[in-house]
Each structure stands twice: as C-alpha cells, then as structure tokens.
Amino acid sequence: MTSNRFLRAARRTFTAGAAALLIGAATVPSLVTPAAAADGPASVADLAQGLLGAVVNISTSQRVKGTEGPGAVPMPQLPEGSPFQDFFDDFFKNRPGEQGNPSQKVQSLGSGFVVDAEQGIVVTNNHVIADADDIEVNFSDGVTLKATLVGTDTKTDVAVLKVDPKGHKLTAVKFGDSSKMRVGDWVMAIGNPFGLGGTVTVGIVSARNRDINSGPYDDFIQTDAAINRGNSGGPLFNSDGEVIGINTAIISPSGGSIGIGFSIPSQLALGVVDQLRQFGETRRGWLGVRIQPVTDDIAESLGMATAKGALVAGVIKGGPVDNGTILAGDVIIKFDGRDVNEMRDLPRVVAESTVGKAVDVVIVRKGVEQTVKVTLGRLEDGEKLASGENGNTDQDNGDKAPAVSTVSVLGMTVGELNDETRTKFGIAAEVSGVVITDVAKDSAAAERGIQAGEVITEIAQESVATPKDVMDRIAALKEQGRKNALLMLASKSGELRFVTIRMD
C-alpha cells in the first residue's frame, strides 16, 4: 500500500500540474493540485518518452594480454595416447595467451546522452570509456554508431564523444541549472543498468554538495533514484527534462542500488564539457597556493571569530601570486564574489574560473580583512611547476659548523638551522627558520604529528630565525592570554603547513 502511494505521488510531480505545487508558510506542502487529484493519477510516460531517444548505451571493447603468467593454469602432462588428450588440447591450447591467440577482447557497458544533435556530441563518464580500443554508441531504436573520443577529464570523471550525425537522426537534451535543485526535488534517471538499456527510474534529490573523496572537485548531488552498474554516464533529469547531473557512482555493499547514488552536478560538468569540445582538454583557473583547513584552534590563533575559509600554507614559485599578493598565513574567505566556507570550496571555484581572468580575493591577514586583485594562471601549467618544486631536494653540503645551543619548548627541542643541521636532516638550502631536533613522546607537539627535521619558520605569523626568537614569541603569546601557538612549519624540501600547539 505504501508503495502504491509513493508511485502515485511520483507520477503526479511530472505533470504540468506539478508546476503549481502548493507550498505555504503555515501549511504542509502538497504533491498535487486539486485539479490533478480530480483527474486521477498522472504518468511520467510523456516526460520519459521525450527523453529516451537522447539517452544512449555506451559499449566499449579493449584488447588485453592473455593469461600466461604466475596465475595461469599449466597444460597437464598426459600419457601418450590418453583418451583425454583431445579434450585438454581444446581447452588449453585455445586459451587467450597461447601462441596464435595473444590477447582477449574485454567489453564493458555504460550510459551517455546526446547534447548536440547537429555535431553528434555525446557525454558520458571517463571511467566508462577509459582505456577502450573501440567505442560504440547504441541508440534506443537499435541503431549503433562508432564513436571517437573528443576529450576526457579524470578529475571530474567526464568524457566527450563524437558520432557521425549523418549516420542517424539524433535527439539532444540540454543542461539545466543544478544550483537551483533543492533537497526533495523530484528527478528522473535514464540509463543502461546491467545492460538493460532504456531503463527509467524516479526519485528525489536526497542531498547536495556531497564529498565522497573521488576527486579534487567533489560536489555531488545525492539521489535515491535507482542507479546501478551500467547507469554510469547517464543523465539525471529535473521535472522539466533538463540534465542537472551525470550519474557516476553508488554506495552499495551488494553491487545493486540501495538508494544512495551520486551525480556530477551540471553546474560543474557543463564547463568541463565545453572545454573538452573546444580544446580537447581542460583549461582550469589556477591561484598557485597550497591550502589547508582552518580549524577552531587555528581560527583562535589568528584572531578570527569563526573557523572558515582556506588557510594558505604556501605559495608556489612562479605562480600567479608569487609577487606578494597573497602570503602564507593568509586565510581566503571569498573568491570572485563567492564565499569560501570550507577549504574544499576554493579549488572548485578557482578551477571553474577562466584562465587569465582578474578576480577579487578577500583574505584575512593578521586579523585584518582585505581585498586583493589576482590574475589567474592555468592549472595544467601550475601542476608542472608544483611537481618541479616538490622534486627540489637540493641540499647545502658546505663545511660543518660547531654544534650550537638548543632550547626546549612545547615538547620540542629546537636549534639553529646551519650547515650541520641541514646536512643531518637533509634540509634544502632555501628553507629558513629554526630546526626541530627532537620531539618528546606524548607531548602536544607529538600529538600534532610534528617530527624532528621540520623547520619552524613563523610563530603567530611572525618570522623566527633563532631558538631565542621561538622562546620570545611563545612568552609573548602567553602574556596575551593565547591558549594556542600557531606554527608555520616547513618540510625538508620546503613545503609549508600550519599547526597549532596548546600552551598549557
């Protein structure tokens, strides 16, 4: 009985009358208008019928090497004239990997949808077509066309394909605005689950802004519309028949739908699709900073009322802000008019921005909020610079200096950073500050993961160069009534991070 009520409610929402949902401040929202109720339960058939032609099945094939190797079953040695000889010859000698049959063809299935009928452009997931040798697009009327790969983006798991539009009359769908979707809005998924093409399921938006740790720009729409293996790459529609998501992942202990599926929001996917169509690759904005979360302790140490934004842990040399515009220790709270509430918000909004665009960035520096102007670089170029920086492990192997005095503070033993300590810990020449030579077990520093060989470069956003500087800064913070000390630490190769340590 409950199931029948659910189906009736779902059907009603996809009629013209659904646009007139009654939502009042003091009343319970209704799923159907009185007029629609009088007409009886409606159907989603009209909506589905208009969309099925644009949704396609993606089949791929890949040649893989045979099964010879440590895991292969060897051909048994049989006595001459054995009656089983012919049987074993057929079974073993025709296996993939044997001479004359060096590889086997592996096939996989997924979903996709047409977004440009004139150009023959099809959108799907990258993981659906990854490493494929052949890609075919199968339409709902049984027509199959060969597809070529236009471009892929592994960071968002989006791929763009092209088929010959002259080979078949194509029907296209358009992207909608996923930012307008609310939790509880009805959605429809169409795809190819388990190879059963043209399957329609209905559900609601269960949640938004989901981070499932699948990539740097996770911002998934969660839905309870049934999504199974083979639905990957298929569209998630709103009640107007617009694509507001690309179905890409599920959580399931059994491999089947348990009502937790995830879709890439159209707001993120559309820009990627446009870039892949235009350039065959992505061209994302790049700020050129390393960031970390702003914890409550860090916020208190920086004099911030609330923990928000992205803390700049380092600036990449040669990057867009390697001119002093943004400094390590700054907290970015707004980018190009968009709030940065959490650290993970910043990479996404920057990546969605145009390369070369001049944007306003609101930062908190030493407790003072200010706005700076930044011209964005290109992320793909920045990744090369960042990898070059990370690989820089040059050391200063000059003459050894005599041992220097050390001091103990906050569970750490710190000393001067000179030729001897650089050589001992393998610290790069460009790193400056005070070296940590030892960390006491069960200390506050040990709890924060601080290790010997790291270098304290700043305390509470003030540079330190000697052990005495460290002692003076800690003493000053205690006099100010601070409970935590904010340390900027440099790794042996120069990568920066911020850590707060209790000063109890």
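1. A good place to start is the UniProt record: an unreviewed entry there lists H127, D157, G230, N231 and S232 under "binding site". UniProt positions appear here in the numbering used for this structure, with feature names shortened, and such annotations may be inferred rather than shown by experiment.

2. Before you dig in, note that this is a predicted model, where local features need pLDDT of at least 70, side-chain atom pairs count only at pLDDT 80 or more, and totals for chains, interfaces and linings use all residues. Residues are numbered from 1 along each chain as its sequence is written, and side-chain values use heavy atoms, leaving out hydrogens and water.

3. H127 sits in helix α5, residues 126-129 (helices are DSSP runs of H or I with at least four residues, strands are E runs with at least two, both numbered from the N terminus). H127 is partly exposed at 40% relative accessible area; buried means under 20%, exposed over 50%, and partly exposed in between, with a 1.4 Å probe and protein chains only.

4. Who does H127 touch? Leaving aside neighbours within four places in sequence, H127 is in contact (heavy atoms within 4.5 Å) with D157, S232 and T248.

5. G230, also on the UniProt list, is in the loop between β10 and β11 (235-237). G230 is buried, with 12% relative accessible area. Beyond four places in sequence, its contacts are L109, G110, S111, N192, P193 and F194.

6. Have a look at Q222 too: this residue belongs to strand β10, residues 220-223, and is buried at 12%. Outside its neighbours within four places in sequence, Q222 has contacts including I204, R210 and F262.
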